[in-house]
Amino acid sequence: MSLFGSFNHIGLRERFVVVVSLVIVASMLIIGGYLINRQSDIYLTELEKRGQALASNLAYNAEYGVILESQTELDNLIKGVARANDIIYVVITTADGRILAEIGSNLGTIARAKGEPEEIHNDWGDFTRTHFEAANGTEFIELSQPVLTVRQSISRENLGTVYGYGSTSEQMMDVIGEVKIGLTFKNINKEITKSQTAAILLSLMVVMSAIIIISAFVRIITRPIESLVEVTYQISKGDLSKTVDVVRSDEIGLLAESFNRMIESLKQSQKEIEDYNRTLEEKIIDRTRELEDAQAQLIQSEKMVAIGQLAAGVAHELNNPLGGILGYAQFTLEKIQKKTAGEISQKDIDSYVRYLTDIEAQSRRCKAIVQNLLKFSRTSQTVEFNDVDINAVVEDTLTFVEHQLMMNQVKLVKDFDPNLPIIQGNPSQLQQVFTNIIINAMHASDPGTQIRLTTRFAPPLGEFQGAVEITITDQGRGISQENMKKIFEPFFTTKEVGKGTGLGLSVSYGIVKEHGGEIRVKSQVSQGTTFTIIIPLEKKTCSADKI
């Protein structure tokens, strides 16, 4: 059980005592922490000031010792300074860093700096303060002050003269060395620990005294509340005959009076609920029947819309192959009518056979299109795959769309890879995919623009066995980012009413997925669109996913 769960199971008196005790403890901790931190800051400030005074005094007295590089004189200076308990080392160096005198530990050379050095400017001079932490956990600060000397500068005009030397020369301060003093926090930390212990003991004494006083005071308040709890328990069991007998003029008395009024309101509400429950079941049955009728009407309406869109889609998908069949039939009939049986040559017969062959192929394609459209009402359909030459399938497709491209003044540019490998696929289904995308590209293109159709081989890489890529790029109006996410959804179209049903790309997507491939789309508004169809080299017979 969590801490809050346990707290909810204790009595009001205990809660009050716990909360007040926690408030007192928190207050004591905050006040004690503030005082300890304040005292720590004072200790640190005093330690730093004392260190600055020692460093300043040492830097002043070490001037001639540094100039003469007298180790004996400098050792005598730092011995007196290093006697303090808070100083762990003193080092005097030359301006170029050579140590002239040192005393104490070498923590300053092996410790890790905590933060960047800080520049200090005060009455004692210019200092550099750095906070260090040694590997053994010892923390200390290092105060560095330069050792300065006075240099007289004489102008050339007065060089060699004696009179007026003081007025014509300039005094300049040169840095000839540096004094470093390490001050430990050990003694300060001991004092802080003592203060913390005293604060904890004082807090415990205050809390214990407060608990004793508060417990007695809370007992006086909770006695009438216990009476309210007893009546509430009876009410929870359904007994509304009990009332609170507490008679007081304070807030507890007002609570008891309000509680008794609530009991009367509960009695009235209970009677109304019993009356309402008698008619509730009949109302639920009536509302359920109304919802079922509305749902049936909605389903029937959606079904009629889907049937209408599917019929329009069938007409759209069959329009291209039927147009080819009609054109070849009219062309063949026109030639036969112009010639008698004796005038028909072997070349004409070969042409008629080619036309009839194309008519047969397109008729079969119409049958395949109908079967493909049936995917909208079936969960799966077995697809037979054979060896397919993609370039040949694309050329067959262009036979039926080149005329429409020419009528719309759209130029077709072909860039086929002659060394494409044979893939496993269904030629009629792939032809339907290419037809849908090329026709869509034509509808999106303006007269005078072009459509580029490219085929290429993507070689194997790792576990990828290689694939054939067919790219169809137009210079049309493009597709917005909002519509890019919906172009493969059934019945989604941006064309005008009567010019598209939104089935073409949806069916094409399903066909490519059956071949184990994918369709990638890149488009920018007013810049054009590129469809890339990727078909893997090997794909066995599979079942079409439900669109």
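A salt bridge is counted here when a side-chain nitrogen of Lys or Arg lies within 4 Å of a carboxyl oxygen of Asp or Glu. In this predicted model, that rule gives a count of 14 salt bridges, and Arg520 with Glu518 is one such pair, the closest N and O atoms being 3.2 Å apart. Arg520 is partly exposed, with a relative accessible area of 47%, and Glu518 is likewise partly exposed, at 32%.

The chain in which these pairs occur has 13 helices and 14 strands, and buried residues make up 33% of its 547 residues. Of the contacts with a separation of 6 or more, 68% are between residues 24 or more positions apart, while the accessible surface comes to about 34,300 Å², with 56% of it belonging to carbon and sulfur atoms.

Three of the salt bridges are set out below.

| Pair | Closest N and O atoms |
|---|---|
| Lys114 and Glu133 | 3.9 Å |
| Lys414 and Glu395 | 3.6 Å |
| Arg520 and Glu518 | 3.2 Å |

Salt bridges that share partners join Arg112, Lys114, Glu133 and Glu139 into one network. Within it, Lys114 forms a salt bridge with Glu133; because Lys114 lies in the loop between β3 (112–113) and β4 (118–122) and Glu133 in strand β5 (residues 125–133), the pair ties together parts that are 19 residues apart in sequence. Lys114 is partly exposed at 36% relative accessibility, and Glu133 is partly exposed at 22%.

Lys414 forms a salt bridge with Glu395, and this pair links strand β9 (residues 411–415), which holds Lys414, to helix α10 (residues 390–407), which holds Glu395, across 19 residues. Lys414 counts as partly exposed at 40% relative accessibility, as does Glu395 at 33%.

Terms used:
Residues numbered from 1 in each chain as written. Predicted model: local features only at pLDDT ≥ 70, side-chain atom pairs only at ≥ 80, totals over all residues. Heavy atoms only, no water. Helix = DSSP H or I, 4+ residues; strand = E, 2+ residues; numbered from the N terminus. Buried < 20%, exposed > 50% of the residue type's maximum accessible area, 1.4 Å probe, protein only. Contact = heavy atoms within 4.5 Å. Areas by Shrake-Rupley, 256 points an atom, 1.4 Å probe, with all protein chains shown as cover.
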